[in-house]
Structures are given as structure tokens and as C-alpha cells.
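Welcome! Take a look at the sequence and the model below, then work through the exercises at your own pace.

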Amino acid sequence: MDLRDKSFFEKVYEVVRLIPRGRVATYGDIAAFIGQPGAAKMVGWAMNASHTAYPPVPAHRVVNRNGLLSGKHHFHPPELMIRLLENENVEVDNDKIKNFSKLVWQPMKELKY
DNA sequence: GCAATGACTGGAG
DNA sequence: CCTCCAGCCATTG
């Protein structure tokens, strides 16, 4: 798979890299921002291949709409995701982001196009 | 090109 | 906040 060319994946990566340190974003918001609302699953799919992207993508800042770390099982080890978040002062409780509603970063609203 | 897949989501209960 | 359901769409076999 040539991720070198511009694609859905690369758009996702760009947005994810814009997520401020200590903040998190949802798959749906990212998908909507790149003009493909409803393609939230594709964002997750992109994250699945994000390890091949460069510069690295802070995939640990991307969670589902409930603030649940749905993708932690894709990290090695899974606890790494939580460790990275806590390292940014993001509190995690039982695989969920505490104060999620306040930490969530929405490109649509933050960047306001 | 059809069928299955998946780190999802919004609405309803 | 949780569960269940139907819809979502790029990528893969």
C-alpha cells in the first residue's frame, strides 16, 4: 500500500498530528473535518496503518466518542497508550479519559473554517 | 466487482 | 453512562 501518495490516510494523519498535547480527538470529528463524515471507521483503519507513517502520528490521542481508549489493544503493550496519555497529564480511568468533554479537541470548532 | 471487515457513530430505550 | 441497532465507507480478499 503506497501511503506515500496523498490519500484518505494522509489527511487523517495530518489532522491527528494537529491535536494539541494533552488533548484528545474523536474518530468521527476527524472524519468530518476531512470532509468524510461517517467514515469514522476509516480513521480507525488509518490508525491501524499509522505506524508506517512519518512523521509519527500521536494515535494515542484519538479515542471514540465516549472517551474510551478503543484502540489501546493496537499498542504494544496496550498499556503504552495509557502511559503516553498520562505522560501528557491526561487522566485515564478504566480505559476511559477523565474530563473527556473538556479535553476533547474538535478541529471543526478549534480551527473554524 | 461483490462480500466481508473494522481503533465508529447517532438515535432510541 | 450503558446497550442494542442500523448505517456508515475505504480497503482488502
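**Exercise 1. Locate His60 and find out what surrounds its side chain.**

Step 1: His60 lies in the loop between α3 and β2. Helices (H or I, at least four residues) and strands (E, at least two) are DSSP runs, numbered from the N terminus.

Step 2: His60 is buried, at 7% relative accessibility. Buried means under 20% relative accessible area, exposed over 50%, and partly exposed in between (1.4 Å probe, protein chains only).

Step 3: Leaving out residues up to four places away in sequence, His60 touches Phe75, Met81, Leu84, Leu85 and Glu88. Contact here means heavy atoms within 4.5 Å.

Step 4: The side chains of His60 and Glu88 are also joined by a polar contact of 3.2 Å. Such a contact is a pair of N or O atoms within 3.5 Å; within protein, one must be able to donate a hydrogen and the other to accept it, and residues adjacent in sequence count only if both atoms are side-chain atoms.

A note on the source: this is a predicted model, where local features need pLDDT of at least 70 and side-chain atom pairs count only at pLDDT 80 or more, while totals for chains, interfaces and linings use all residues. Residues are numbered from 1 along each chain as its sequence is written, chains are lettered from A and ligands numbered from 1 in the order in which they are written, and side-chain values use heavy atoms, with hydrogens and water left out.

**Exercise 2. Find the backbone features that depart from the usual pattern.**

Step 1: Start from the rule: most residues other than glycine have a negative phi, and most peptide bonds are trans.

Step 2: Check the prolines. The bond from Tyr54 to Pro55 is cis, with omega near 0 degrees, and Pro55 sits in the loop between α3 (40-48) and β2 (62-63). The bond from His76 to Pro77 is cis too, with omega near -5 degrees; Pro77 belongs to the loop between β2 and α4 (79-86).

Step 3: Check phi. Asn94, in the loop between β3 (92-93) and β4 (96-97), has a positive phi of about 50 degrees. Asn99 has a positive phi of about 55 degrees and is placed in the loop between β4 and α5 (100-103).

Step 4: Compare exposure. Asn94 is exposed at 60% relative accessible area, whereas Asn99 is partly exposed at 46%.

**Exercise 3. Describe chain A as a whole.**

Step 1: Chain A has six helices and four strands, in the order α-β-α-α-β-α-β-β-α-α.

Step 2: Of its 113 residues, 42% count as buried.
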